[in-house]
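Work through the exercises below with the sequence and the 3D structure at hand, and try each task before reading its solution.

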Amino acid sequence: MTATDPAQAAHRTAAEFRALYGTEPTGIWAAPGRVNLIGEHTDYNDGFVMPLALPHTTLAAAAPRTDGVLRLHSAGAPGGIVELRPEDLRPRPGADWSAYPAGVVWAMREAGLPVGGADLHVTSTVPLGAGLSSSAALEVATALALDALHGLGLSREELARLAQRAENAYVGVPCGIMDQTAAACCTAGHALFLDTRDLTQRQVAFDAAAHGLRLLVVDTRVRHQLGDGAYAQRRAGCERAARALGVRALRDVPHAHLPDALAALAGEPGLRPLVRHIVTENHRVEQAVAHLDAGRPHALGPLLTASHASLRDDFAVSCPELDLAADTADAAGALGARMTGGGFGGSALVLVEEAAAATVAKAVDAAFAAAGYTAPRIFPAVPGPGARRLTP
Ligand code: ADP
Ligand code: MG
């Protein structure tokens, strides 16, 4: 699972499309996976996030059809071509992979957009289920392809919202807006500072290499089943805490008022750590943006490590593999490390001086081997471009 040259990948994807459907694709559209630098579990609390696009990308080759049939195929999924009729689509939680692209067609039609038949073939270098948002990459690549095929002229933000609606309402996953916005709106060389309340965004320059730094992603290769239920439970807890505090969302609790908010929740001890995480995490994102704006990327290190401790101890969404990755990286000389994504498996993120990168990666590998865990996949993350048309 490596990030291959986009031109080569597009060429291969087009050849596969021709072999499958016997026609030329109209074009190839790409959307990246993402890693969230900081701001975890804040996106359903109207808070701040700061993802960046990975070089790992999902490609959608597509062509319109005149008979109104929708045909979907993924090189990464078993079961061959899935054939559907757009007008028959109904939300189907728990369905197979095709629910993601079918959900995008459904969401567009629900929005009154004229989306009809098409042939779609998908290839991807984004690891699936690794917390690097292969689902949003698939949705956004599909949305961008359909936008072009049907001449919809949708903005990046509109595409992201439709993709999120597909995942929430059609696939049945209650995710926030971060992943789809990252896939649609990230730009090379930048992290995307996103306010998930009003969806205002700003590209923040993040050139780790220019400062002698490296960002490493550690895909732990584990995914604990309890993730989905726990996500819904944390989300419900945050909503309950906001109601108890009389605010619209936890984003509305200023960092300076955290002690008062915690005191006000004296009767709800289970909610206090959730509030503490969200309020401090939002504050950490604002600090991270300030450091990057000031050309101090080194200063992100302690923020990453503090974010991990908060996610582990207060929000309780880490797991032994993520803790081992983060702790080992820190102990081996990284500037900071944390779990990234929803938790309970998936990936960790490590900020490290260029000169120490190999040592830190080796230490994490060795720690996983010593613990008897599956070997992690470790790769550098350089902020790449967001969704785009590759060909013609
Ligand atoms: P993540 O988004 O972190 O990778 P999710 O559980 O949200 O994890 O999404 C993973 C799911 O998305 C896969 O199980 C699969 O159903 C679907 N998916 C994503 N990319 C592809 C792809 N290229 N081909 C087929 N299915 C895909
Ligand atoms: Mg996902």
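The exercises that follow deal with domains, pockets, single residues and backbone angles.

This is a predicted model, in which local features need pLDDT of at least 70 and side-chain atom pairs count only at pLDDT 80 or more, while totals for chains, interfaces and linings use all residues. Residues are numbered from 1 along each chain as its sequence is written, chains are lettered from A and ligands numbered from 1 in the order in which they are written, and side-chain values use heavy atoms, with hydrogens and water left out.

**Exercise 1. Describe how the chain is divided into domains and how the domains meet.**

Solution. Begin with the bounds, which come from an automatic or database domain assignment: the chain is divided into domain 1 (6-203) and domain 2 (206-380). Next, take the centres over C-alpha atoms, and 26 Å is found to separate domain 1 from domain 2. Finally, turn to contact, which means heavy atoms within 4.5 Å: 34 residues of domain 1 are in contact with 43 residues of domain 2.

**Exercise 2. Characterise the largest pocket and its lining.**

Solution. Start with the term: on a 1 Å grid over the protein atoms alone, a pocket is an open set of points where a 1.4 Å probe fits, with protein on both sides within 12 Å along at least five of seven lines, and lining residues have an atom within 4 Å of a point. The volume, that is, the space filled by probe spheres set on the points, which are joined across faces, edges and corners, is about 1,300 Å³ for the largest pocket. Then look at the lining, where 48 residues take part, and Tyr100, Gly129, Ser135, Glu167 and Arg223 lie nearest the centre. Among the elements that give two or more residues to this lining are β6 (118-124) and α3 (134-149); helices (H or I, at least four residues) and strands (E, at least two) are DSSP runs, numbered from the N terminus. As a last step, note that each of domain 1 (6-203) and domain 2 (206-380) supplies at least three residues to the lining of the largest pocket.

**Exercise 3. Work out the surroundings of Asp119 and of Gly301.**

Solution. Asp119 is placed in strand β6, and with a relative accessible area of 4% Asp119 is buried, a word that means under 20%, whereas exposed means over 50% and partly exposed in between (1.4 Å probe, protein chains only). The side chains of Asp119 and Arg65 are joined by a polar contact of 3.1 Å, a polar contact being a pair of N or O atoms within 3.5 Å, of which, within protein, one must be able to donate a hydrogen and the other to accept it, and residues adjacent in sequence count only if both atoms are side-chain atoms. Gly301, in turn, belongs to helix α9 (residues 300-314) and is buried, with a relative accessible area of 0%. Leaving out residues up to four places away in sequence, Gly301 touches Leu335, Gly336, Ala337 and Leu351.

**Exercise 4. Examine the backbone at Asp46, Arg221 and Pro392.**

Solution. Recall first that most residues other than glycine have a negative phi, and most peptide bonds are trans. Asp46, in the loop between β1 (27-36) and β2 (48-49), has a positive phi of about 60° although it is not a glycine. Arg221, in strand β9 (residues 213-223), has a positive phi of about 65° and is partly exposed, with a relative accessible area of 43%. Lastly, the peptide bond from Thr391 to Pro392 is cis, with omega near -5°, and Pro392 is found in the segment after β13 (388-391).
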